[in-house]
Amino acid sequence: MIRVILPAHLRNLAKVSGEVQLEVEGSVTQRSVLDALEGRYPMLRGTIRDRVTGQRRPFVRFFACSEDLSHESPDALLPEAVASGAEPFLLVGAIAGG
Amino acid sequence: MSSVRVLVGTRKGAFILTSDGKRKDWEVAGPHFGGWEMYHLKGSPADPNRLYASQSSGWFGQLIQRSNDGGKTWEPVGNKFAYEGEVGTHQWYDGTPHPWEFKRVWHLEPSLTDPDTVYAGVEDAAIFRSTDGALTWQELTGLRGHGSGSRWQPGAGGMCLHTILLDPSDPGRIFVAISAAGAFRSDDAGQTWRPITRGLVSEIMPDPTAEVGHCVHRIAMNPSRPGVLFMQKHWDVMRSDDAGDNWREVSGNLPTDFGFCIDVHAHEPETVYVVPIKSDSEHYPPEGKLRVYRSREGGNEWEALTNGLPQSNCYVNVLRDAMAVDRLDSCGVYFGTTGGQVYASTDAGDNWAPIVRDLPAVVSVEVQTLL
C-alpha cells in the first residue's frame, strides 16, 4: 500500500482528508503512483502533471524520505520505504509568491 | 417573483450574490474554491441553473467547474485544452517566434440555446468549444490558423482571448477579442475567422492601422441589436455599426479614454457604460474619483455617474470582465474592483451602493436575471 500526502488544495479538490492510500501494480515509480492517484481521483488530472505534456507542473515538488525527488526520472524506482508503505510520498506546492 | 444572481470571480475564490428583484438586500455565498484564481463564471442562458467556472492557480493549473443547481454544488469537468494540429508559433515580447503554450481560461461563454455547449477563450490565445457540458474541449482551429497568428504578440497581461460574443440573431456569428492581437469575427460558427479592425488606430504600434496587433480590452453588444458593437481599446472607446467591419472613435468628452470594461444597457441599445482609468501606466481612476461614465447617445457625449461611489482617495481598477447588466425593467448595472468592492445600481447608473466591500480583488462579474 502506497501512502500519498497531497497539498491542502488538492485534498479539497479530491474531497479527501489525511493520507491517500493506493494500490500500485508493478514497479513503484513517480509515474505509476501518479497514474494510480489520478485513476482513483480523476479530478486531479492536470493539477500535478500538465494535462497535455505529462510533465510535472513547475511549482509542484515530490518528496520522500527527506529527499527532493522532483528531478528524478518519472520511471525511476521510488525508495523502498515508499514502496513498502513505511514512508509517504509527498506532493508539495512550492513556496512561491509573497 | 424575479431575482438576480451575481457571479463574482476573484483572485482568491468565487462568490455568488443573490437578491430579489428589488436588489436591496443581498445574500453572499462563498468563497467557492477558496484560494484559487477564479477568472470567470457564467450561467447558461438556456438553463440558468447550469453554471460554468474557470478555476486556476499558478501551482495546480487549470480546472473547469460545472454546477447544475445555480452554484450550490459544483463538479470538476474537463480540463484538457490541447491545441489542434501543428501548434505553431506567435511572436514573443522580443519579436522572436514562441510556441503556443496553454496557460489558463480567461472567459467562458455558454451557448444561447444549448446548456451543454460552451466556448472557452484561453491564453495563449485560442478559442475552444465543448458540446458535452465541458467534459471535452475541441479547438476551433480556424482562428489561430487564419493567417496572422504568427504575428500575434502578447500584451503585458498575456496573450489572452478574453471576449466572446455570440450573435442571438445569427447562430453562425461569433466575435472574439484578443490582447494584443485585436478583434476577429466568424460567420460560419467558428470554422473561419477574419480580423475586424478597420478604423482602429493604435499609436503605440509601428503601423498604427495594421490589421492585427491592436490591444482590444473588451467588446460589448446589446443582444437586440447585435450589429452594433462598442469597444474599449487600450486607448480609445470605439463603435461599429456594421458588426465590426468598420469602427469609429466615440471617446468624446471622457476624461481619459483608457480603460478595461464596457457594457450596454439591457433595454436602451444607445446607452453605454465605461469606467475611465487614468492611463496604461497608472491603472486607477483619474483624480482618485471612481466614476462610471454613461452615454445615452451611443458614445461621444458622456456623463459622470458618481452618486454612491467614492470621490476621493480611490485607486482601484475595474478589470475587463468585471462589469455586467441585469435585464430587470429598471436596468441594474454592476461592477467589481481590484479593491474587492462590488457596486450595484438599480436605476441604470444614477445611484450606486456596494453589495460587498471587502472581497479579494475582483476579476469578473456576471449577472443572471431569474424570472
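This report describes a predicted model of two chains, A and B.

**The two chains**

Chain A holds three helices and five strands. Read along the sequence, these elements of chain A follow the pattern β-α-β-α-β-β-α-β. Chain B is built otherwise, with zero helices and 30 strands. The table sets out some overall values for each chain.

| Chain | Residues and radius of gyration | C-alpha extent along the principal axes | Buried residues |
|---|---|---|---|
| A | 98 residues, 12 Å | roughly 35 × 25 × 25 Å | 24% |
| B | 371 residues, 19 Å | about 55 × 45 × 40 Å | 53% |

For a compact globule of 98 residues a radius of gyration near 13 Å would be expected, so the 12 Å of chain A agrees with that rule. For 371 residues the corresponding figure is near 21 Å, and the 19 Å of chain B agrees with it.

Contacts between residues at a separation of 6 or more can be split by their distance along the sequence. In chain A, 54% of these contacts join residues 24 or more positions apart. In chain B, residues 24 or more positions apart account for 50% of them.

**The contact between the chains**

The contact draws on 13 residues of chain A and 12 residues of chain B. On the side of chain A that touches chain B, helix H1 (residues 8-14) of chain A gives the most, with three residues. That side of chain A is made up of seven nonpolar, four polar and two charged residues.

**The sheet E18-E19-E20-E21 of chain B**

Strands of a sheet pair through backbone hydrogen bonds, in either a parallel or an antiparallel sense. In chain B, four strands in the order E18-E19-E20-E21 form an open sheet with antiparallel pairing. E18 and strand E21 (248-249) of chain B are at the edges and have a single partner strand each, so one side of each is left without a neighbour in the sheet.

Strand E18 (residues 216-221) of chain B is joined to E19(B) by five bridges, and the two run antiparallel. Across this pair, B:Arg218 stands opposite B:Gln232 of E19(B). On to the next pair: E19(B) and strand E20 (residues 237-240) of chain B are antiparallel and share four bridges. Here B:Phe230 has B:Arg239 of E20(B) as its bridge partner. The hairpin of E19(B) and E20(B) has three residues between the strands, and in it B:Asp236 takes a positive phi near 95°. The last pair, E20(B) and E21(B), is joined by two bridges and also runs antiparallel. In that pair B:Met238 is bridged to B:Glu249 of E21(B).

Why is strand E19 (residues 229-233) of chain B described as largely enclosed by the rest of the structure? Five of the five residues of this strand are buried, so the rest of the structure largely encloses it. The burial applies to both faces of E19(B): B:Leu229, B:Met231 and B:Lys233 are buried on one side, and B:Phe230 and B:Gln232 are buried on the other. Two of these residues have already appeared as bridge partners, B:Gln232 opposite B:Arg218 and B:Phe230 with B:Arg239.

**The sheet E26-E27-E28-E29 of chain B**

Another open sheet of chain B has four strands in the order E26-E27-E28-E29, with antiparallel pairing. Its edge strands are strand E26 (323-325) and strand E29 (353-356) of chain B, each of which pairs on one side only. Direction ignored, neighbouring strands of this sheet are turned by 25° against each other on average. Strand E28 (residues 342-345) of chain B pairs with E29(B) over three bridges in the antiparallel sense. B:Ala344 has B:Ala353 of E29(B) as its bridge partner.

**The surroundings of B:Ser295**

B:Ser295 lies in strand E24 (residues 292-295) of chain B. Is B:Ser295 buried or exposed? B:Ser295 has 23 C-beta neighbours inside 10 Å and therefore counts as buried, the cut-off being 20 or more. Leaving out residues up to four places away in sequence, B:Ser295 touches B:Thr271, B:Val272, B:Asn300, B:Glu301 and B:Trp302. The C-alpha atom of B:Leu254, 41 residues away along the chain, is separated from that of B:Ser295 by 9.9 Å.

Methods. Residues are numbered from 1 along each chain as its sequence is written. Chains are lettered from A and ligands numbered from 1 in the order in which they are written. This is a predicted model: local features need pLDDT of at least 70, side-chain atom pairs count only at pLDDT 80 or more; totals for chains, interfaces and linings use all residues. Two residues are in contact if their C-beta atoms, placed from the backbone, lie within 7 Å. Ala, Val, Leu, Ile, Met, Phe, Trp, Tyr, Cys and Pro count as nonpolar, Asp, Glu, Lys and Arg as charged, and the others, Gly among them, as polar. Two strands pair if DSSP finds at least two bridges between them. The radius of gyration is taken over C-alpha atoms; the globule rule is 2.2 Å times the number of residues to the power 0.38. Axes are lines fitted to C-alpha atoms, for helices over the stretch in contact, and angles run from 0 to 180 degrees between N-to-C directions.
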